[in-house]
Amino acid sequence: MEKVKCECGHVNPYGTYLCESCGKPLKEEKGKIANMRYEGVARRSQTYKKSMIDRVWNFFSSVKVGIWIIFALLITSSLGTVFPQEMYIPPGENPAIYYEQEYGTLGLLYYQLGFHNLYSSWWYMLLIASLGISLVIASLDRVVPLYRALSTQRVTRHEGFLKRQRVFGEAEGLDDPEAEMKKAEKVLRDKKYKIRKENGNLLAEKGRFARWGPYVNHVGLIIFLIGGMLRFFPEMYTDEHVWVREGEQEVISGTGGNYFVRNNEFAIDLYDEENEMFEAALERAGGSVVESFRTSATLLKRSSNGTVGSETELEEVKDHEIIVNDPLTFEGFSLYQVDYKLNELSTFSFTLESETVDEDFSDFIFEVDLNDPQKLYEFENGYEIEILEYFPNFLIDDNREPTTINRIPDNPRIIFEVFPPDVDREDENAEGEISLIGIQVNESLNGDHDHTIRLAGVEMVDVTGLTIRKDRTLPVISVGAIIFMIGLIQGSYWHHRRIWIQNREGTLLLAGHANKNWHALKKDFSLISANTQIPSPVDQLDEAAKEKENEGVNQNNV
């Protein structure tokens, strides 16, 4: 695969069929019109096909392959919208249970195939990477030969090159060919053509930058894809949800445990039912309607003055009232108000009663924090109560075993074991009185008991739902989108036009080429013809079509 040297002296890459410099045809081709798509330079994918690197290059340089990758991405992306992604299901829900409960067999299949986390799956990332590789290789495979050819083209082109252009004509018998060329040059300069002259020949060029539009477009897409892939790095992108109970604090994801948010108070505002303006709408809604909801929050930061081994010491950074579209922001993070839950179960109060009359349990009350229950409760009178199992959201599964749907205490059940003072809990053979306790549930699990645990009181709390968001990829994605639009406009609203006028012993040869919008090029030739004695060249494709049509008419007549 040696390089090809033209008679003009220019050395062309292997596979080139029109000399980059003078345009002379270097090999025979079928058809009268020259293929000017890449200025007659062969692409790498069309010449090198032996090694494994060549095969990979040729595969990804194919436009058809790129289209199939885009099609596969569209199909797989749409599958991810059939059911909600895991990040959008209710917080605390077990996805293995949630999808089957909500969507049946299809939901279970959706979960088992991994579509619940589709956009972070390795094979989806592989598709995006393949599209990026295809864009890079396809662009390099085309832009390099195009740049070489356009940067080395001479003004004086081979006669065979001119005659094989789509628009070509000859002007013979002119009184003063040079004077007519000067007139044509003035017309072209007025049309903002860039003029180059050599040996009495002329090349007028306009809009070359439009040829780079598709490749600028590709660069923008590649940057856009890079921005999208950066979203899978925690330092670049965070989109998490946190539920904070009133009076409590939670760590802010993505901050390395250095920042916390405290819910000082949650409040909702309802539309005034006595306001005549809202009366009809509220009646249609069937009750009260929330107008707005907000969280009075405090941002806390881990103190750097704490001693090793001590509990976490937090210092207040700032207070902010979080409402919809007015987030709490700090160091690139934003905490948005997105949801709430009123009257969530928080604490159960229990009393212990005896079936005998000899013992007094009137002051025997203990509390269980439903979000963080302690394992053992010890009392001064020698009684001990142990929590054997805790189910925040009780459910009997398909195997008839007790389990919990999630960690939210919507339907809490607790299995207690009561040890009276005469029973040593440390003894392996010791057995207390085991009961299952919940709302309107009090069941003995190991026979008759001398003691009964009863639910004495319930405390509830409001919970605010916040979204934690940090997005450092937006500048990258925005730059990619802007570059993409520049390339789209560049390639859509301008076009590359070239006009060659050469003097061959008193005969002017005219040729023209446009990457699109041939009508505008022909109008420029018509303008030259109107201001000079030079006749307009003909469109050889139109002439060929007319000849073919005439041949068909003649055959029909015969």
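## A guided tour, starting from an exposed loop

Begin by selecting E331, which counts as exposed because its relative accessibility is 54%, and keep in mind throughout that the model on screen is predicted. E331 sits in the loop that joins β11 (328-330) to β12 (333-354), and its phi is near 45 degrees, a positive value in a residue other than glycine. Such a value deserves a look, since most residues other than glycine have a negative phi.

Next, move the selection to R400, which lies in the loop between β16 (394-396) and β17 (402-404). Here phi is near 65 degrees, again positive in a residue that is not glycine, and R400 counts as exposed because its relative accessibility reaches 66%.

**The six-stranded sheet**

Now select the strands of the open sheet, which has six of them in the order β4-β5-β22-β23-β3-β24, with antiparallel pairing. Its edges are formed by β4 (194-198) and β24 (538-539), each of which pairs on one side only. With the sheet still displayed, add helix α11 (residues 518-531), which packs on the sheet and touches β3 (167-171), β22, β23 and β24, while the direction of α11 makes about 155 degrees with that of β23.

Narrow the view to strand β22 (residues 497-504) and strand β23 (residues 507-514), which pair in the antiparallel sense over eight bridges. To follow the register, label W500, which stands opposite A511 in β23, and then R504, whose bridge partner in β23 is T507. The two strands form a hairpin with two residues between them, and in that turn E505 has a positive phi of about 55 degrees.

On which strand should one look for the partner of L202? Select strand β5 (residues 201-206), which pairs with β22 in the antiparallel sense over five bridges; L202 stands opposite I501, in β22. As for the covering of β22, six of its eight residues are buried, so that this strand is mostly covered.

**Helices α2, α3 and α5**

Leave the sheet and select helix α2 (residues 52-61), in which the buried residues are D54, W57, N58, F60 and S61. These buried residues pack against α1 (44-47), α3 and α5, and the last two of those helices make the next stop.

Display helix α3 (residues 63-79) together with helix α5 (residues 122-152): the two pack at an angle of about 155 degrees, and their axes are 10 Å apart. Angles over 145 degrees count as roughly antiparallel, and α3 and α5 are therefore roughly antiparallel to each other. The crossing in which α3 passes α5 is left-handed. To see the contact itself, select V63, G66, I69, I70, A72, L73, T76 and S77 on α3, and W123, Y124, L127, I128, S130, L131, S134 and R142 on α5. Colouring these residues by class shows ten nonpolar, five polar and one charged in the contact of α3 with α5.

**Helices α8 and α10**

A second helix pair follows, made of helix α8 (residues 213-230) and helix α10 (residues 474-493), which pack at an angle of about 165 degrees with their axes 7 Å apart. This angle makes α8 roughly antiparallel to α10, and the crossing of the two is left-handed. On the α8 side, select G213, V216, N217, V219, G220, L221, I223, F224, G227, G228 and L230; on the α10 side, the residues that they meet are V476, I477, G480, A481, I483, F484, I486, G487, L488, Q490 and G491. How many charged residues does the contact of α8 with α10 hold? By class, the residues of this contact divide into 13 nonpolar and nine polar, with no charged residue among them.

**Last stop: Y237**

Finish at Y237, which is found in strand β6 (residues 237-245). Leaving aside residues up to four places away in sequence, Y237 touches R231, K470, D471 and T473. Then set a distance from Y237 to F333, for these two residues are 96 residues apart in sequence and 9.7 Å apart in space, taken from C-alpha to C-alpha.

Key
Residues are numbered from 1 along each chain as its sequence is written. This is a predicted model: local features need pLDDT of at least 70, side-chain atom pairs count only at pLDDT 80 or more; totals for chains, interfaces and linings use all residues. Side-chain values use heavy atoms; hydrogens and water are left out. Axes are lines fitted to C-alpha atoms, for helices over the stretch in contact, and angles run from 0 to 180 degrees between N-to-C directions. Helices (H or I, at least four residues) and strands (E, at least two) are DSSP runs, numbered from the N terminus. Angles under 35 degrees count as roughly parallel, over 145 as roughly antiparallel, 65 to 115 as roughly perpendicular and the rest as oblique. A crossing is left-handed if the near helix is turned anticlockwise from the far one by less than a right angle, and right-handed if clockwise. Contact means heavy atoms within 4.5 Å. Ala, Val, Leu, Ile, Met, Phe, Trp, Tyr, Cys and Pro count as nonpolar, Asp, Glu, Lys and Arg as charged, and the others, Gly among them, as polar. Two strands pair if DSSP finds at least two bridges between them. Buried means under 20% relative accessible area, exposed over 50%, partly exposed in between (1.4 Å probe, protein chains only).
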